[in-house]
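User: Please take a close look at one part of this model, beginning with a single loop residue and going on to whatever else helps to place it in a wider description. I would like one connected account with the reasoning spelled out.

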Amino acid sequence: MTAPLLEVDNLSVQFVVGRGRRKRIIRAVQDASFSIGHGETLAVVGESGSGKSTTAQAILGLVNPSAGSVMFEGSDLLKNSSREMREVRRHLQVVFQDPYSSLDPMMTVADLIAEPLDNFEKLSSAARSDKVGELLELVRLPANAATRYPHEFSGGQRQRIAIARALAVNPKLIICDEAVSALDVSIRNQILTLLRDLQEQLGVSYLFIGHDLSMIEQFAERVAVMYLGRIVETGTVEEVFRSPRHQYTGALLSAIPTHHKALRAGRIILQGEIPDPASPPSGCVFHPRCPAATEICGTTRPPAVQTKSGEALCHHPLEIDSRG
């Protein structure tokens with residue numbers, strides 16, 4: 001069996017805010033574990049504040065984890081030196097949610113795309129220009145875009161520029177942090193199609209962070225569902241969407257808009273909001289909002305219920321949909 005490209009094991013991230021009596025520990029990510037294979041897409045989903053982006057930042061080295069390991073091609077990124085991390089970063093790129101904020105408005109598109117190249121390779125002016133042209137063609141932008149500035153483009157076009165920039169150094173993994181959530185639906189579909197085509201062409205892997213489950217169903221092979229810093233369910237998209245086992249996953253899926261009256265009638269309506277991560281609930285972190293919670297849910301961490309393709313952390317897992 002081929003080793004995973006990325007393997008995250010029991011990753012935890014904590015932030016200390018305030019001082020003295022006002023000091024609080026924010027448990028942003030707790031014991032997160034997942035892996036991504038070569039040429040595979042894993043989607044991490046959950047409500048805002050669930051820890052999705054913090055997990056990505058820890059993988060990228062933008063925040064310091066308090067525990068766990070992040071193995072990339074067999075190397076633990078959390079133990080690498082600055083020099084070792086520099087070499088890894090060419091294989092590990094990111095596309096952020098807002099391309100207008102992530103792209104320097106004072107730089108031309110050519111300079112934006114070539115900046116990663118300049119950091120890792122010494123190219124002649126002609127070779128640099130040719131590479132920029134190739135990348136623009138790859139993301140389906142005209143060659144004359146190279147001399148223009150980010151503000152001259154639409155949101156979807158700016159995101160294509162950000163993707164071209166991420167691809168400049170031939171990465172093996174691209175983290176898409178809500179990369180299409182700010183776009184109109186039609187433009188969003190175009191960008192997702194582009195990302196799929198690039199994956200087929202280049203063999204790149206994606207860690208895709210989002211909250212729109214209907215979109216993720218069409219894009220990812222596997223999914224990890226996060227709630228209050230914990231991954232509560234994992235599995236293939238096909239299995240999790242057909243037969244969710246965790247009550248929270250079931251609630252997320254039941255919220256997908258549908259015209260089917262029977263499905264609308266069976267929706268799980270969550271009460272309240274996500275608890276304070278500085279004071280997470282005991283037992284199952286989801287129990288204060290769970291419609292199936294019992295006494296054990298508030299006192300005991302839930303066991304891992306094994307599924308065909310993953311697991312769910314739940315005392316009262318949903319029944320498997322035998323209808324498929």
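Analyst: Ser 66 is partly exposed, because its relative accessible area of 43% falls between the 20% limit for buried and the 50% limit for exposed; this, like everything below, is read from a predicted model. The residue sits in the loop that runs between helix H1 (52-60) and strand S4 (67-72). Leaving aside residues up to four places away in sequence, Ser 66 is in contact with Ser 12, Val 13 and Gln 14. Its C-alpha atom is also separated by 9.4 Å from that of Val 29, although the two residues are 37 apart along the chain.

Gln 247 offers a second view of a single residue, this time within helix H10 (residues 247-254). With a relative accessibility of 8%, Gln 247 is classed as buried, since that class takes in values under 20%. A polar atom of the Gln 247 side chain lies 2.9 Å from the backbone oxygen of His 316. His 316 is also among the residues that Gln 247 touches when those up to four places away in sequence are not counted, and the others are Ile 268, Phe 286, Cys 290, Pro 291, Ala 292, Cys 314 and Leu 318.

For a whole element, consider helix H6 (residues 155-167), whose 13 residues should span 18 Å at 1.5 Å a residue; the end C-alpha atoms are 19 Å apart, so the expected and modelled lengths agree. Ten of those 13 residues are buried, and H6 is therefore largely enclosed by the rest of the structure. The buried set includes Gly 156 and Arg 158, the run from Gln 159 through Arg 160, Ile 161, Ala 162 and Ile 163 to Ala 164, and also Ala 166 and Leu 167. Their cover includes four helices, H3 (99-102), H4 (109-120), H5 (125-138) and H7 (185-202), together with strands S6 (92-95) and S7 (173-177).

H6 also takes part in the second largest pocket, where H6, helix H2 (82-89), S6 and H4 each contribute at least two residues to the lining. That pocket holds about 460 Å³ of space. Its lining comprises 18 residues, and those nearest the centre are Leu 92, Gln 93, Val 94, Phe 96 and Arg 165. Sorted by class, the lining consists of eleven nonpolar, three polar and four charged residues.

Definitions and conventions: Residues numbered from 1 in each chain as written. Predicted model: local features only at pLDDT ≥ 70, side-chain atom pairs only at ≥ 80, totals over all residues. Heavy atoms only, no water. Buried < 20%, exposed > 50% of the residue type's maximum accessible area, 1.4 Å probe, protein only. Polar contact = N/O pair within 3.5 Å; in protein donor to acceptor, adjacent residues only side chain to side chain. Contact = heavy atoms within 4.5 Å. Expected span 1.5 Å × (residues − 1). 1 Å grid on protein atoms, 1.4 Å probe; cavity = no way out; pocket = protein on both sides within 12 Å on 5 of 7 lines; lining within 4 Å. Points joined across faces, edges and corners; volume = space filled by probe spheres on them. Nonpolar A, V, L, I, M, F, W, Y, C, P; charged D, E, K, R; others polar.
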